[in-house]
Amino acid sequence: MNNAETKRVVVVGGGHAGIEAAYASARLGVPTVLVSLRRDGIGQMSCNPAIGGVGKGHLVKELDALGGLMGRAIDATGIQFRMLNSSRGAAARASRAQADRELYKSWIQNYLCGVANLTIVEGEAAAIDFDGKEIRGVSLKDGSFIRASAVVLTTGTFLRGLMHSGPEKTEGGRLGDVASNLLSDSLRSLGFPLGRLKTGTPPRLRRSSINFEGLLEQPGDMPPQPFSFTTEAITRPQISCWQTSTNERAHDIIRVNRECSPMFNGQITSGGPRYCPSIEDKVFRFKDKTSHAVFLEPEGFTSDIVYPNGISTSLPLDIQAAFIRTIKGLENVEFLAPGYAVEYDFVDPRYLSPSYEAKDVRGLFLAGQINGTSGYEEAAAQGLIAGVNAAHTVVGRAPFVITRAQGYIGVMTDDLTANGVDEPYRMFTSRAEYRLILREDNAARRLCPIARDLGLLSDAQARIFDERQASYEKAAKWLEVTRVKPSPETNAWLERNNTATLKDSATLSQLLKRPQLDVNDILSYVPYEDPLSEDIKAALEIEVKFSGYLDRQEDEAQRLKKIEGERIPADFPYDEIKQLRTEAREKLKKHRPDSIGQAMRIPGMTPSAISLLALYLKRFRSGELSASCS
């Protein structure tokens, strides 16, 4: 066997997780093969043509700070950019952008074609070759074999994918693509118990058949704010989305046809996403609501396709048409594709370490919906971490893990690998304990230094980060040292802003701490010599206004990090902790936490149990306890 042939990574799947995994591995200098069912399907947005949202926007910003592609791709192909929760606190603000679906896919494919160390192979992965100690490669359905030292599975909804549209059932992970059945069998043979989850998508509508008159227009923000710290500005014109809503006539049609819905007649038994329910689910779960919002989102600058966000459905097409044509603006709408639900296999993510490596199959990494998550952003973030760690396995470097205190990526990773899922996992800001220090505006400052040390940033990206960091530090210092003296002019300005006048001089930082003043108020009165990006202005304001809270949260995060960071060896003998209740001992053996931090978040684990665990972990390290034989 050619040793050079084994020293590479194979990534299975060309969705958002696979793209980031392959790109991360390749730019770390490791020969990487991306296996996709269809080369022209790489980068496909299977559901909503949008990137970001609450919690999700944070993931994209962090992904970008780590050198990933998604932020740059949406900046290059977005058709509408909006800041969600702009009137709320800094921790809750989130970026979202509509994409031109075809442009996004084309941009990704063109970019990957120019990446060094990356080869794209069209085919269906059939089996993982594992000799009991290490990964040897991947077998394809056509009989060919790709040797590798590490494999990243990013199979999306394709593992035994089954699509439902009314009584019709079709094998496939999305409309027009086949399912991957052989790989499910391979995973079972490796000892992975597979579960089933469900997701869905609405029908696609012809844009030119919609009557937009009288609907609520939703324009984008001006100027649009980029996702990537490397994007200087977005200068393309934006297009509007539109809002309408369902009504009681539509709900009546859905109620009468309840037994035609695979979700309610027993045809689908797997769990679906609670935070993105089908319209059938909404109608039956929220009986008191007489309408539900529907957002008409164009799929591109010139596309005649509209994505009706909010009415995901698996009802038969004729019933879909009946209830949708009761909706204002859609009375004469034409259907281009039906809505459908899709069931698929997933692996319990508790079988993974925080590096996304399988605990019992060294060299095998899993990322994306195969781990029970939903959404492009969650998948992409997992893909990057898995890709980095697959490359590290090949070259013999230590695993790379982001903690809960470092980023939303760490929050998601810990949630998945410590607690598992019983429904498709979706990121929200409420999941993060330290959300005030894990903001969109400081993602680059938090993670770019880590990315640079790993080798994930290009020279150009590192230079841009350094320039932005220098700009931020210079402006922060300027706010600290620049003083404003009391004067009739200054006090008149303060009175106009409904805040107290000055009796003594004050620094600009002191003034900025006042709730009545924001950073733009300060800059309008005391001009700054350099232009500042919106991210830098937001960071300056937040860091000054909430400095006390931020310091306390940072201290808390550091204290918890000391406890959380203590690693628990895979062979730790839990049965030796005799004082531990049997229930707690069994939970620890089942979850096999990688650290004290993960053990703390196992449901039902008490502080006293954690204290005992920490005590016995210390004894284990000193040699007083023998390793487990199990």
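Visitor: Is strand S5 (residues 94-99) enclosed by the rest of the structure or not, and how many of its residues are buried?

Guide: First, the terms. This is a predicted model, where local features need pLDDT of at least 70, side-chain atom pairs count only at pLDDT 80 or more, and totals for chains, interfaces and linings use all residues. Residues are numbered from 1 along each chain as its sequence is written, and side-chain values use heavy atoms, leaving out hydrogens and water. Strands (E, at least two residues) and helices (H or I, at least four) are DSSP runs, numbered from the N terminus. Buried means under 20% relative accessible area, with a 1.4 Å probe and protein chains only. Now the case: 6 of the 6 residues of S5 are buried, so the strand is largely enclosed by the rest of the structure.

Visitor: Which residues of S5 point one way, and which the other?

Guide: In a regular strand, side chains alternate between the two faces of the sheet. Here Ala94, Arg96 and Gln98 point one way. Ser95, Ala97 and Ala99 point the other way. All are buried.

Visitor: Which strands are joined to S5 by bridges?

Guide: Two strands pair if DSSP finds at least two bridges between them. Strand S3 (residues 50-52) has 3 bridges to S5 and runs antiparallel to it. Gly52 stands opposite Arg96. Strand S4 (residues 78-84) is joined to S5 by 6 bridges, also antiparallel. There, Leu84 stands opposite Ala94.

Visitor: What covers the buried residues of helix H9?

Guide: Start with the residues themselves. In H9 (residues 317-324), the buried ones are Ile319, Gln320, Ala321, Phe323 and Ile324. Their cover is read from contacts (heavy atoms within 4.5 Å). It includes strand S11 (162-165), helix H7 (248-256), helix H8 (279-285) and strand S19 (335-337).

Visitor: Is Glu357 buried or exposed?

Guide: Glu357 is buried, with a relative accessible area of 11%. It lies in the loop between strand S20 (340-347) and strand S21 (364-366). Not counting residues up to four places away in sequence, Glu357 touches Tyr351, Leu352, Arg362, Gly363, Leu364, Phe365 and Thr393.

Visitor: How many helices and strands does the protein have?

Guide: The protein has 21 helices and 23 strands. Its radius of gyration, taken over C-alpha atoms, is 26 Å. The globule rule (2.2 Å times the number of residues to the power 0.38) gives 25 Å for 630 residues, so the protein is as compact as a globular protein of that length. Of those 630 residues, 57% count as buried.

Terms used. Buried < 20%, exposed > 50% of the residue type's maximum accessible area, 1.4 Å probe, protein only.
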